[in-house]
Amino acid sequence: MRTATVADNKATITAFIAALNRGLTGEDDWVQYLSPQVVDHNKIIFGEADDPGAAIDGFRQQLAAFSPTDAEHSGFVLQDLIGEDDRIVARLRVIAEHTGYHVRMPQPTGHTCDVEQIWIFALADNRITEIRAVSDRLGMFLQLGWDWPTAD
C-alpha cells in the first residue's frame, strides 16, 4: 500500500472542508473523511463526549445549529493549509448564522458569527484520525449573544 503524501493529505483536508460546507445545507458526505474512531482533543462546547468517534456527533450538532450566510464567502473559508508528514494545519474563517438548535443555546439567535480557527489534523489511510483546534470562542459567544459556559 502506498503511503499518503503531504499533497494527498492536503487534498483530503480540502475535500473535508468542502464537504463541511455542504453539511451546512444538510448533506452528510463529510463523514467519509473521518475515521470512525476519530478523536477530537478540542471540545467545541463543554459537555461533548470524549469517546473515540464522538467528534462525528459534535460536528453534526454544529452543522445542525448553523447555516451559511448570504455573504459571498460564508461557511468554512479555508485561508491557509500547511502540511508535514501525516499532519495538516488549516487556518480558517468560519462565517455562519445561528439558525438551529444547539446544546449551549437551544433557541436560534439568528445572529451571524465570523471567527478565525486553526485546526491541526492527523491522518492515516486518507482519513482524519485526530483533530486539535483553537478558535476565537470568546468572539463567537459575543457575536452570538451567548453566555460564557461554565463547567457543571
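Accessible areas, which I will need in a moment, come from the Shrake-Rupley method with a 1.4 Å probe. With that in mind, the chain we are looking at, which is a predicted model, exposes about 8,200 Å², and carbon and sulfur atoms supply 52% of that area.

Let me go through the overall layout before turning to details. The secondary structure of the chain comes to 3 helices and 6 strands, and if you follow the elements from the N terminus on, they run α-β-α-β-β-β-β-β-α. The radius of gyration is 15 Å, close to the 15 Å that the globule rule gives for 152 residues, so the chain is as compact as a globular protein of that length. Along its principal axes, the C-alpha trace spans about 50 × 40 × 25 Å. Of the 152 residues, 38% are buried, and among the contacts between residues at least 6 apart in sequence, 60% join residues at least 24 apart.

Now to the inside of the chain. Which residues touch the most other members of the largest nonpolar core? In this core of 35 residues, they are F16, W30, L34, W119, F121 and I128. The elements that give two or more residues to the core are α1, β1, α2, β4, β5, β6 and α3. To take one residue from that list, I128 touches I13, F16, Y33, L34, S35, V38, F121, A122 and L123, where residues up to four places away in sequence are not counted.

Please look next at the last helix in the model, α3, which covers residues 137-144. Its buried residues are G139, M140, F141 and L144, and what covers them includes the strands β2 (66-67), β4 (87-98) and β5 (112-124). After α3 comes G145, whose phi is positive, near 75 degrees.

Finally, let us move to the surface, where I118, I120 and V134 form a nonpolar patch that has about 230 Å² of accessible area together. I120 has its place in strand β5, an element that also gives two or more residues to the largest nonpolar core. Is I120 buried, exposed or partly exposed? Buried means under 20% relative accessible area and exposed means over 50%, so I120, at 33% relative accessibility, counts as partly exposed.

To bring the parts together, strand β5 is one of the elements that give two or more residues to the core, it is among those that cover the buried residues of α3, and it holds I120, a member of the nonpolar patch on the surface.

Definitions and conventions:
Residues numbered from 1 in each chain as written. Predicted model: local features only at pLDDT ≥ 70, side-chain atom pairs only at ≥ 80, totals over all residues. Heavy atoms only, no water. Buried < 20%, exposed > 50% of the residue type's maximum accessible area, 1.4 Å probe, protein only. Helix = DSSP H or I, 4+ residues; strand = E, 2+ residues; numbered from the N terminus. Contact = heavy atoms within 4.5 Å. Core = buried A, V, L, I, M, F, W, Y, C linked by side-chain atoms within 4.5 Å. Patch = residues over 30% accessible without salt bridge, like charges linked within 9 Å, V, L, I, M, F, W, Y side chains within 5 Å. Salt bridge = Lys/Arg side-chain N within 4 Å of Asp/Glu carboxyl O. Rg over C-alpha atoms; globule rule 2.2 N^0.38 Å.
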